[in-house]
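Please take me through this structure in the viewer, one selection at a time. I would like to know what to pick at each stop and what is found there.

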Amino acid sequence: MSIVALAGVSKRFVKPLDLAARAANLFGAGMHEVVINAVDNVSLAIDAGEVVGLVGESGCGKSTLGRIIAGIMPPSAGEVTFRGRKIADLVAGPGRDALLKIQMIFQDPMASLNPRMRVKDIIGEAPVVHGIVARAERDAYVDALLARVGLDGAYKSRYPHQFSGGQRARIGIARALAVKPDFLVCDESVAALDVSIKAQVLNLFMQLRADLRLTYLFISHDLGVVEHISDRIVIMYLGRIVEIAPTEELFRAPNHPYTQALLANVPQLEARKHRFAAIKGEIPSPLGPPAGCHFHPRCPFAFARCRSERPALKEIAPGRMSACHLNDAP
Amino acid sequence: MSVLAVENLQTHFFTRAGVVRAVDGVSFSIAPGEVLGLVGESGSGKTVTGWSILGLIDPPGRIVEGSIKLAGEELVGATQERLRAHRGRDVAMIFQDPMMTLNPVLRIDTQMIEAITAHETVSQGAARARARAALDAVGIASADERLHAYPHQLSGGMRQRVAIAIALLHKPQLLIADEPTTALDVTIQAQILSEVQSLCAESGTALIWITHDLAVVAGLADRVAVMYAGRIVEQGPVDAVFAQPLHPYTRGLIGSIPRRGRHGAPLTQIPGMPPSLAKLPPGCAFAPRCPRADAACAAAPAMTDHDGGRATRCWHPHLETGAAA
């Protein structure tokens, strides 16, 4: 049974014409609104208890997708359901409390923790407001949460700036856990941390998953991190999902040429002094993505069909999906 | 003969909160064409080491002791004119944020031509042709168009390539790269790495690659130096250090990196966090986090040489055979 399901979800950002452009259009300048398809017809189901890694380069729409799932941002088209109920209905209607079960942890704790609030208020405010704990029991509740994420309860009267990066990441996690969620969207939650601190926080994520039976959507550009923590990996490129596969299979036999290139480009501890090879070109601007398969200008295997026709995301093996015309070749 | 020899470098910052010993007795040398990976976490002093070599330390910071010899010439205490003559010509640096190199209000061609004419007397036309060739060399398509662009019109990867092109204009003897790919996507990082690699190989430029990413160093460097709290704690050939790290910190760092085939297994944790440089513990700075620490660690260990061109600063190095945890 899937906990979160997305069906045909798209998010378009439109920059409306300003006054000057509208005036120019009166004289026939023919200026158009700028439209970005940040997320383009994405369907995905996440099972309860699963850790799904969402990987892609900057601008591929992975953060936007995370925000849509967390209910922070409405999709332009398509539907997101949480335990069978539409998130759009939950946001507007009386079932809002159900949305507490989905929480988000952000990349930069300094930007997501209010610098003028004490840690006990940052963590303790939401559970009190939502009636999860009585006000009188708030301090004890905050102590327990801090202990769970590996911080001393004695720190709870401090402000965010008095903590190190790793400790702030832990505060962000404690805040998300305060409302007893089932599903966590982690958007680059360890990206800004130093190597030794990153390992501590990743271990914490795995520990919490085991203790609290959480489901994670782990958004990251770091394939090493995602491989370590995820059961399944979703690869995005320019707003579209190009491949979904169980972690081990993805690393053993990547199907989509983009996935293959991405894996080949990740520096590895085991790979000693060698020549780095690179995919040609850069990720195209989402303002005017290439027609057909978005990856075709950089793909070494591209043929005529790739330039004109969008490849559908199809099942290529049980549990594995890929969006590539090469899979149709006889 | 080494391109650069750094001996007991100490760069301290005299702040109101006390003396911050950012670099505290660093020694290393680098041969022509060699790639040295300088690894450490934030605040370990790796960037300040790079800046000290270029003479970029401003008050309240000061090089209080030590020697930096570039091709035999002492740079500590050299006049600003001497340093200026070297900077950009013999030693160049690329930064994590290319906007530190690029002037946002000048076109790319203006900046590149200025960098050329600063050290050589050449005609505008010749300088422009060289700038164009340099952009080609770092893999920038339609170089003529890019020469007329302003930095904000380029993508992050493109800007970093322009910064690298500028750094390599004079084929310096030494290039210091300070986390130049940290902010970039993996595919762009691979492009930059492959370009820097081939350019340095062609021109025989020695390279110091400063990073916190051990995996990049594994693939790029000949030798690695690991810094912790302002000191190099371990130094040696990449293969040997990664196969059998001697210092407990190096061992912990390598163990804490997620890698293939270890899915879901808990990562080795280094407990605690790096110390504040203003309040360093006496003795070995890593001792409070070290599983091997004992009474001996209350005194600072000296850098000790080991077989195979290796050295470590530890009372209890992992000398017993066996792979890294």
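## Stop 1: two helices of chain B

This is a predicted model. Select B:Asp109, B:Met112, B:Ile113, B:Ile116 and B:Thr117 in α3(B), then add B:Gln124, B:Ala127, B:Arg128, B:Arg130, B:Ala131 and B:Ala134 in α4(B), which they meet. By class, this contact holds six nonpolar, two polar and three charged residues.

Now widen the selection to the helices themselves, α3 (residues 108-117) and α4 (residues 124-137) of chain B. Their axes are 9 Å apart and the packing angle is about 110°. Angles of 65 to 115 degrees count as roughly perpendicular, and α3(B) and α4(B) are therefore roughly perpendicular to each other. The crossing of α3(B) and α4(B) is right-handed.

## Stop 2: the sheet of chain B

Stay in chain B and select the strands in the order β6-β7-β8-β3-β9-β10-β12-β11. These eight strands form an open sheet with mixed pairing. From one strand to the next, the twist averages 20°. Which strands stand at the edges? They are β6 (91-94) and β11 (304-306) of chain B; each has a single partner strand, so one side of each is left without a neighbour in the sheet.

Next, isolate β3 (residues 35-39) and β9 (residues 223-228) of chain B, which pair in the parallel sense over four bridges. Label B:Leu36 and look across to B:Arg223 in β9(B), which stands opposite.

Then show helix α1 (residues 46-54) of chain B. Helix α1 lies across β3, β6, β7 (174-178), β8 (206-211) and β9 of chain B, and runs at about 145° to β7(B).

## Stop 3: the sheet of chain A

Move to chain A and select β2, β1, β4 and β5, given here in their order in the sheet. The four strands make an open sheet, and the pairing is antiparallel. The edge positions belong to β2 (34-47) and β5 (85-86) of chain A; each has a single partner strand, so one side of each has no neighbour in the sheet.

Narrow the view to β1 (residues 2-15) and β4 (residues 77-82) of chain A. How many bridges join this pair? There are five, in the antiparallel sense. Label A:Val4 and find A:Phe82 in β4(A) opposite it.

Add helix α2 (residues 62-69) of chain A, which lies across β1, β2 and β4 of chain A. Helix α2 of chain A runs at about 60° to β2(A).

## Stop 4: where the chains meet

Display both chains and select the residues in contact between them: 39 of chain B and 38 of chain A. On the side of chain B that touches chain A, the elements giving two or more residues are α7 (186-203), α8 (214-220), α9 (238-243) and α10 (248-255) of chain B. Of these, α7(B) provides the largest share, eight residues. By class, that side of chain B has 18 nonpolar, 14 polar and seven charged residues.

Finish on α7(B) with helix α11 (residues 257-265) of chain A, whose axes come within 9 Å and cross at roughly 55°. That angle makes α11(A) oblique to α7(B), and the crossing of the two is left-handed. To see the contact, select A:Ala261, A:Leu262 and A:Asn265 in α11(A), which meet B:Val186, B:Thr187 and B:Ala190 in α7(B). Four residues of this contact are nonpolar and two are polar, with no charged residues.

Note on methods
Residues numbered from 1 in each chain as written. Chains lettered and ligands numbered in written order. Predicted model: local features only at pLDDT ≥ 70, side-chain atom pairs only at ≥ 80, totals over all residues. Axes fitted to C-alpha atoms, helices over the stretch in contact; angles between N-to-C directions. Parallel < 35°, antiparallel > 145°, perpendicular 65-115°, else oblique. Left-handed = near helix turned anticlockwise from the far one by under 90°. Contact = placed C-beta atoms within 7 Å. Nonpolar A, V, L, I, M, F, W, Y, C, P; charged D, E, K, R; others polar. Pairing = 2+ DSSP bridges.
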